[in-house]
Amino acid sequence: MIALRTLCPLLVVAGLALIPAFTSANTTLNFLVFALIVALSAQGWNILAGYGGQFSFGHAAFFGLGAYGTALAQARFGINPWVAFAAGIGLAALAGTVIGYLSFRAGLRGSYFTLVTLAFAEVFRILFNAASFTGGAAGVLVKLDVRPENFQFASRSVFYWVVLGIVALVLLLTMRLERSRFGAWLIAIRENEAAAKALGVDVLMVKLQAIALSAAITGAAGGLYVQYFLYLDANIGFGPWISVETLMAAIIGGAGTALGPVLGALALHGLGQLTKGIAGGTPGIDLVLFGALLILAVAFMRDGIIGRLRRLLVWGRR
Amino acid sequence: MLEVRALTKRFGGLVAVNDVSLDVPAGSITGLIGPNGAGKTTLFTLISGFETPTTGTVRFEGADITTLPAFRRARLGIARTFQIVQPFAGLSVAENIAVGAHLRHRSRGEAIRAAEAVAERVGLTQSLETPAASLTIAGRKRLELARALATEPKLLLLDEVLAGLNPSEIRDMLPVMRAIAASGVTILMVEHVMQAVMSLCDYIHVLAQGKHIAEGKPEEIARNSSVVEAYLGRGAASRLTGGTLNG
Ligand SMILES: Nc1ncnc2c1ncn2[C@@H]1O[C@H](COP(=O)(O)OP(=O)(O)OP(=O)(O)O)[C@@H](O)[C@H]1O
Ligand SMILES: [Mg+2]
């Protein structure tokens with residue numbers, strides 16, 4: 001089982017890395033880049049909600065800040081895109097810490113915390129949609145200037161590998177977290193906050209570190225999004241769509257497991273692609289599908305795809 | 001080691017703990033008894049930092065800890081168990097105990113090893129890989145004890161760790177508790193199982209309706225008429241001629 005734990009992620013990442021060797025079709029790569037960006041966003045959510053049990057419905061706030069931070073630092077201040085990307089991540093982490101401090105300090109838990117995160121994301125969406133500095137409703141464009149030092153690549157494959165590299169890095173980080181003291185404390189808080197406190201866990205501090213890390217990762221997903229599509233507005237950056245996809249991917253794949261969000265995002269977008277093929281352009285069909293999937297996942301796959309696979313493996317060994 | 005002075009806790013109009021003072025000397029097993037609703041658990045929440053008192057002070061090893069948050073008190077060496085057990089239900093027994101062990105051990109390997117050693121002391125070695133959610137009541141009580149012990153406390157607050165156990169399970173637990181005390185951990189225990197209190201404790205304090213009504217050695221408490229009345233009602237002591245208490 002221990003060997004499987006490290007082997008599975010390795011195989012998934014290696015398999016994904018090889019795809020561009022077989023196809024260079026733009027639609028395939030676009031699909032994969034987008035799915036991996038959602039995967040990264042879900043990996044961020046997974047730290048706070050999957051391991052820490054703090055269920056956010058507003059990770060769009062961090063996705064959007066990461067994206068806007070990356071875009072505006074370039075467009076308004078002429079900062080190098082790689083540095084801008086780091087700044088976007090930092091901005092998201094900062095916002096995570098502040099939102100976390102305000103809500104955890106006030107003792108908000110469960111659905112109250114969920115609602116507050118939703119509210120923050122919506123406030124950001126409205127503000128960024130109105131302010132002229134952020135480009136208002138027209139949004140911001142990142143100037144097309146294809147050079148690696150500009151975080152823009154002539155080949156889609158290269159960008160895909162960069163995204164995959166970051167996803168793999170976070171995967172590694174998550175697996176290390178699972179075996180660290182911080183991870184043990186975070187899971188303890190999810191399981192029983194009072195008991196954790198009694199055992200000397202600084203609950204507020206651990207939650208703050210978790211939300212900062214979580215926001216940074218989801219912020220990175222936002223930064224990658226804008227760097228790939230070179231356009232951003234408030235409904236993309238802070239829209240409920242990304243909060244929903246983020247938590248759906250993690251839950252369907254398996255919240256609280258390292259590989260879950262990645263598998264979930266790929267499954268979700270694979271299916272999304274399929275229904276698009278079948279149902280064509282019927283508006284809202286993807287949302288109907290997502291809703292149905294979520295119900296099915298919650299009803300029949302308590303620990304997501306990963307949980308299913310684990311049980312199958314154990315069953316197969318008997 | 002622990003000095004409680006004039007501690008009072010009000011919940012709205014209810015005075016759950018009323019002007020209670022008591023000392024727990026280092027190295028002792030001190031008992032805290034009293035009828036249901038006497039305020040024993042509330043006193044524990046004040047000592048462990050889960051609630052702050054309305055008035056009064058708590059001192060630990062000479063330092064005033066009255067307003068210190070619970071996790072800091074745990075780090076100072078005060079561990080508590082919960083009367084209503086609070087396991088990390090989704091984790092195994094070993095992982096549960098390891099959370100406590102992590103307080104003094106950063107690395108996971110060391111924490112797991114320390115957890116296994118603690119499991120040995122409380123008799124949970126057989127169930128290390130069992131999910132905490134599937135333990136029996138006796139197992140859960142042992143787990144509460146093990147987790148608290150894993151934080152390597154100086155003072156252990158035990159809130160009815162014997163409640164819900166059958167007589168033979170209680171008989172198994174007594175030597176475990178004696179061994180913990182012998183290893184140098186000071187114990188303050190709330191317990192309704194009188195034969196356990198009488199055989200384990202060096203000294204006993206009695207609460208009733210929030211007030212500290214008596215203290216003394218076990219045999220003195222058993223003879224104390226106000227204690228008997230607190231449990232059995234006014235006049236009970238005179239009806240029982242020399243009878244001993246039976247929880
Ligand atoms: N958080 C609270 N809010 C309001 N009242 C409370 C609270 N905690 C305890 N009480 C009340 O304080 C009183 C003392 O309760 P406590 O749990 O301390 O008693 P106890 O001595 O531990 O009883 P038992 O032997 O049944 O465990 C009870 O009347 C209880 O209802
Ligand atoms: Mg009680």
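**Sheet, interface and pockets of the two-chain model**

In this predicted model, chain B holds an open sheet of four strands in the order 2-1-4-5, with antiparallel pairing. The edges of the sheet are formed by strand 2 (14-24) and strand 5 (63-64) of chain B; each has a single partner strand, so one side of each is left without a neighbour in the sheet. Strand 5 of chain B pairs with strand 4 (residues 55-60) of chain B in the antiparallel sense, over two bridges. Here Arg59(B) is found opposite Asp64(B) of strand 5. A helix accompanies the sheet: helix 1 (residues 40-48) of chain B lies across strand 1 (2-11), strand 2 and strand 4 of chain B, and runs at about 120 degrees to strand 1.

Turning to the interface, chain B contributes 23 residues to the contact and chain A contributes 19 residues. Between them the two chains bury about 1,900 Å², with 64% of this area on carbon and sulfur atoms. On the chain B side, the residues that lose the most area to chain A are Phe71(B), Phe88(B) and Arg108(B), which together account for 29% of what that side buries.

The pockets come next. The largest pocket has a volume of about 1,500 Å³. Its lining comprises 43 residues, and those nearest the centre are Arg190(A), Gly256(A), Arg310(A), Gly90(B) and Leu91(B). Two or more lining residues each come from helix 2 (26-51), helix 7 (181-191), helix 13 (285-300) and helix 14 (304-317) of chain A, and also from helix 3 (93-101) and helix 4 (108-122) of chain B. Helix 14 of chain A provides the largest share, five residues. By class, this lining contains 19 nonpolar, eleven polar and 13 charged residues.

The second largest pocket has a volume of about 440 Å³. It is lined by 20 residues, with Leu4(A), Arg5(A), Cys8(A), Pro9(A) and Arg310(A) closest to its centre. Arg310(A) thus appears in both central groups, being listed for the largest pocket and for the second largest pocket. Helix 1 (2-22), helix 6 (156-178) and helix 14 of chain A are the elements that give two or more residues to this second lining. Of these, helix 1 of chain A supplies the largest share, seven residues. The lining of the second largest pocket divides into 13 nonpolar, two polar and five charged residues.

Conventions
Residues are numbered from 1 along each chain as its sequence is written. Chains are lettered from A and ligands numbered from 1 in the order in which they are written. This is a predicted model: local features need pLDDT of at least 70, side-chain atom pairs count only at pLDDT 80 or more; totals for chains, interfaces and linings use all residues. Side-chain values use heavy atoms; hydrogens and water are left out. On a 1 Å grid over the protein atoms alone, a cavity is a set of points where a 1.4 Å probe fits but cannot get out, and a pocket is an open set with protein on both sides within 12 Å along at least five of seven lines; lining residues have an atom within 4 Å of a point. Grid points are joined across faces, edges and corners, and a volume is the space filled by probe spheres set on the points. Ala, Val, Leu, Ile, Met, Phe, Trp, Tyr, Cys and Pro count as nonpolar, Asp, Glu, Lys and Arg as charged, and the others, Gly among them, as polar. Two strands pair if DSSP finds at least two bridges between them. Contact means heavy atoms within 4.5 Å. Axes are lines fitted to C-alpha atoms, for helices over the stretch in contact, and angles run from 0 to 180 degrees between N-to-C directions. Buried area is the accessible area (1.4 Å probe) that two parts lose on being put together, summed over both.
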